[in-house]
Structure formats: structure tokens, C-alpha cells
Amino acid sequence: MYFDFKQLLGDLVERVNGDVNGEYTSVVCDSRRCVGGSVFVAVKGVVCDGHDFIDQALLSGARAIVAEKLPSGAAGVEVNDSAAANAILQRHFYGTPDEKLALFGVTGTNGKTTSVYLIEHILNSCAIPCGLLSTIEWKLGSCIEKSNCTTPDSATLYRLFASMKESELKAAAFELSSHALHQKRAHGIKLRGAILTNITRDHLDYHGTFENYFQAKKICFSKLLDPDCGVAVINVDDAGGLRMARELAGFCRVVTFGSIPEADWIISDYSSSIEGSSFTLKNYCSQYSVKTSLSGKYNAENLTGAILLAADLGIPFQDILTAVADNIRVPGRLERYIGPSGIHYFVDYAHTPDALERVLTTLKSDVRGKLIAVFGAGGDRDRGKRCEMGRAAAKHADMLIVTSDNPRSENPQSIIEDIVSGIPSYTKYEIEPDRSKAIRLAVALARPGDAVLISGKGHEDYQEIMGIKHPFSDAVELGKALEELK
């Protein structure tokens, strides 16, 4: 691939040392992957700084270095932001595939994964071949790869988009995490549309403050193709979304939705059961009845965002409504299992106070008997949300079983104590650090008419303890527990 660094990087360039324009074999941030003809980009990461590995990259054959501090005598380009430069160079190396796909980014605290699955489902159902990049998997057409993160690094991101283009897909929906936005993994990308699902507390261990977290989310909407084409679809039912919509007004085309009168599209007449839900979606001149296999008011919001993005593409509303009436499965997102006594069990990824409260509120309104919640909290993450999760669970569930999630390097008992600190003394709860035993305890306690929520891990097939990922699946463990009842 031919590189003209000044043309590609523009205002990022501080100085150029040597004759660096020409053909390159790869763009890498890992010095171990350098070969003859590589561009090595020194990016400052959370754990280590790529600038410390420039000498190793040169020894491995790097032809040019891109860095914020270029070593004396090294051929390369000095830039004011190497993370942004890396994203731009990766985009160019893979042939700017974002210009050939209608790309839809989804950001927000909760609902990102469900939303990208909904977009993918609607577009494919309406004869627009669509790929997907999610926390769970990467759908590239006929090829499916297991995901290893919410939003891939720049090189992987553009490699995947290029693969979608080669598979003749026309669109793609993908999750944009606050970490990825802050780290500029998608810098320079062109979006056809973007959704903000909601903004509530999360990842303050990384961002420090809620304001920093909000500003990271806002970066997503700077990537819309242009004011006349790209659309920002914003859920204004929480204060963060309402603020975002107001701040984006005038910068890009904004379409809002929610239950408040100020929304462009209003969700009303919501009705739900354990088997699915329905609601009315209306604006100043149109009204539609929406039926779906998904339960929960929050899923009505997720679905509305996907519907409005699809409608902005010009897909007839009736075709969209037909698509969303299908049975839609999102792995690990309120997945329903029915036990031998007709008891409903749900596996869900909810791992924030807001997400836990949303899913419990949904189930509580639909269950005839008691609602039992099995949950924990991740280690090495925002400790402040743990007591809030305990408080949210106690507010809506009849019985709590507090267990281990992914403790990572922390003592599971310490995490559990943080959660329990938010549980009122009058609330019924059990502590069982062994997650497998906790699931079996919930199954043993449940009676006909009850519902059991197992939350926190969703689709994950491992449990991380002291840096080691042990095979573990909530769905598999639930299946074993139910089998033992027969």
C-alpha cells in the first residue's frame, strides 16, 4: 500500500524525517509484528507505551516510525496524536472500507449489543446484506469470528470492515465503547448513522468522572458522514441522552425518541409479558403498532433506535415492522429457559446498576410469583457501582443470591461485601461465592409461578479468577441444574 504521510495525516503531522513516502507491507503497533517494509506506530497504551519499543521495531525491519517523539536519526513522522494517526493509517491500509459500507455505530451504557443485533436483523430481513461487530461475535457474511472485546483495535476494525466489503455486504452495525472512543480506535471513520442508547454510571475506574465518560460517548457523533446524510438517533428518556441531543443540535441531524413529549418519536401504550411485548411508536404525523418477541421497556427503546436508523435508510416502515415481529434472539440478553415445572429462568448480561434495575423491573411486572435474582459484580472495575447494584436488586427482586462474577485479581468475598453494603437489612438474601452453587440454589428455591434471573455474565463462556479464564457458562450451569431436577 502506498503512503503519502502528509496527505493522509494532515494536521497531525509535526515534522517528517527522511524520505518516508512509498509502498509499505503493514501498519503495526506491536514491535514483535514488524517485518521489512512495516510502518511502526508508537501508541501510548493503558499498560505500556509503544515509544519504548521503537528500537526493537527498527531492528525487526520497520521502514518508518510514526510517533509523538521521534528518535534522533530515525526515518519517520512525528505527530501530535499517534493513536489518531494509527487509526487513519490502518483505515488507508485496508482501502477505506467505511466509505463502501453503510456503517451504523451504537454507543451507550446499556443496550449496545442488543441494538447492533436488531439493526443487523432488520437490514438483512429487508434485503440489505449487513454485518455485525459485537461484544459476542463478528458476523462478516458467511464467516463468523468470536469477538474478544466490545470494540476492536484499529487494525482489526478495518480488517473486519474490509472482509465485509469483500463478502459484498452493504452495511454493518457495530458497538463503540467509551474506551474505544477515548482511545481513538475509530478515529477518522465515516458513519451513516449512530445511536445513543442511554448514559448512566459505568467505567468510572477508567474515565475518572461521569463528565469524562459523557464526553467520550459524545465523540461517536463526530463521526457522522456529514450533516446532510449521517443521523444521530438519541434516546432522551434519561438526563444524559437529553443533554446529548441538545448539545448535538446544529452540529448534525438529530432524531430523538422516548416517552417524553419533547421526543420526535414517542413510545407509548407499552404492554409486556414474559413471551414478548408491544407498543405504539408515533410522531407528529404518523403512528405505528410494534410487536416483538423481546420483553422489557428498555428493549422497546433499543428496538426503536434500530427502527429509526433503518427508516432513515429509506426502508418502508411496514417492512421494518414485519422484520421486528420475527423471533429475535440476542445471545445472553434476557434469554429465556423454561424448567420442568414451568418456571421461567433468564440469563442476562446486566452488570451495571441501571441495567440490573431495568431487567428486574421488566420481569417483576410480568411474573406471577416471586422473582429470584442471582448476581455479582466484576473485580478490578468501578467499586462504587457495587453497592448500587445491591440496592437496585433489593428494590425489585423478592430474593437475592449474591455470588461471584469475574473477580479477576480481587478476593470474591470483598466484592460480595461491597454489594451487600447496599442491600437493606429487611431484604432476603443469601451469599454463595461459588457461582455454580448459587445457580443451583436459585433453581432449588424456585417454585411454580416464580422467575429466576441469572445476571452479569450473559453470553460469556468463562470466569476470570486471578488472571486465569476458567470455562464457565451461566446457560450451561443452568442446564445442568435443571437436568438434575428431572
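Good morning. I begin with helix 13, whose buried residues are Lys-385, Arg-386, Met-389, Gly-390, Ala-392, Ala-393, Ala-394 and His-396. The structure before you is a predicted model. In that model, the buried residues of helix 13 pack against helix 12, strand 21, strand 22 and helix 14, the last of these covering residues 412-420.

Just before helix 13 there is a residue that deserves attention. Asp-380 lies in the loop between strand 21 and helix 13. Its phi is positive, about 60°, although Asp-380 is not a glycine. For context, most residues other than glycine have a negative phi. With a relative accessible area of 33%, Asp-380 is partly exposed, because partly exposed residues are those between 20% and 50%.

Let us turn to helix 12, which packs with helix 13. Helix 12 consists of 14 residues, 353-366. How far apart are its end C-alpha atoms? At 1.5 Å a residue the helix should span 20 Å, and the end C-alpha atoms are indeed 20 Å apart, so the two values agree.

Which residues of helix 12 are buried? They are Pro-353, Ala-355, Leu-356, Arg-358, Val-359, Leu-360, Thr-362, Leu-363 and Asp-366. The elements that cover them include strand 16 (265-273), helix 10 (297-312), strand 20 (344-348), strand 21 (371-375), helix 13 (384-396) and strand 24 (451-455).

One of these neighbours, helix 10, gives us a helix pair to describe. Two packed helices are described by the angle between their axes and the distance between the axes. For helix 10 and helix 12, the axes come within 8 Å and cross at roughly 115°. The two helices are therefore roughly perpendicular to each other, since angles from 65 to 115 degrees are counted that way. On the side of helix 10, the contact is made by Lys-297, Tyr-298 and Glu-301, and on the side of helix 12 by Arg-358, Val-359 and Thr-362. By type, the residues of this contact divide into 3 charged, 2 nonpolar and 1 polar.

I now come to the sheet in this region. Six strands form an open sheet with mixed pairing, in the order 19-20-24-21-22-23. Why is one side of strand 19 and of strand 23 left without a neighbour in the sheet? Strand 19 (335-338) and strand 23 (429-431) stand at the edges and have a single partner strand each, so one side of each stays unpaired. From one strand to the next, the twist averages 15°.

Within this sheet, strand 21 and strand 22 (residues 399-402) run parallel and are joined by 4 bridges. Here Ile-372 stands opposite Met-399 in strand 22. Helix 15, residues 435-445, lies across strand 20, strand 21, strand 22, strand 23 and strand 24, and runs at about 160° to strand 22.

A further residue takes us to helix 16. Glu-477 belongs to helix 16, residues 474-485. Is Glu-477 buried or exposed? Its relative accessible area is 10%, so Glu-477 is buried, because buried means under 20%. Leaving out residues up to four places away in sequence, Glu-477 touches Ser-436, Ile-439, Arg-440 and Phe-472. Although Ser-436 is 41 residues away along the chain, its C-alpha atom is separated from that of Glu-477 by 6.3 Å.

There is also a second sheet to consider. This open sheet has 5 strands in the order 2-7-6-5-4, again with mixed pairing. Its edge strands, strand 2 (13-17) and strand 4 (26-28), each pair on one side only. The twist averages 15° from one strand to the next. Strand 2 and strand 7 (residues 76-79) run antiparallel, joined by 4 bridges, and Val-13 stands opposite Val-79 in strand 7. Helix 3, residues 82-93, lies across strand 4, strand 5 (38-41), strand 6 (64-67) and strand 7, at about 155° to strand 4.

After helix 3, in the loop leading to strand 8 (102-107), we find Thr-96. Thr-96 has a positive phi, near 40°, and is a residue other than glycine. At 16% relative accessibility, Thr-96 counts as buried.

Finally, Lys-218 is found in helix 8, residues 210-218. Lys-218 is partly exposed, with a relative accessible area of 24%. Apart from neighbours within four places in sequence, Lys-218 is in contact with Met-244 and Glu-247. Lys-218 and His-182 are 36 residues apart in sequence, and their C-alpha atoms are 9.8 Å apart in space. Thank you for your attention.

Key
Residues are numbered from 1 along each chain as its sequence is written. This is a predicted model: local features need pLDDT of at least 70, side-chain atom pairs count only at pLDDT 80 or more; totals for chains, interfaces and linings use all residues. Side-chain values use heavy atoms; hydrogens and water are left out. The expected span of a helix is 1.5 Å times one less than its number of residues. Buried means under 20% relative accessible area, exposed over 50%, partly exposed in between (1.4 Å probe, protein chains only). Contact means heavy atoms within 4.5 Å. Two strands pair if DSSP finds at least two bridges between them. Axes are lines fitted to C-alpha atoms, for helices over the stretch in contact, and angles run from 0 to 180 degrees between N-to-C directions. Angles under 35 degrees count as roughly parallel, over 145 as roughly antiparallel, 65 to 115 as roughly perpendicular and the rest as oblique. Ala, Val, Leu, Ile, Met, Phe, Trp, Tyr, Cys and Pro count as nonpolar, Asp, Glu, Lys and Arg as charged, and the others, Gly among them, as polar.
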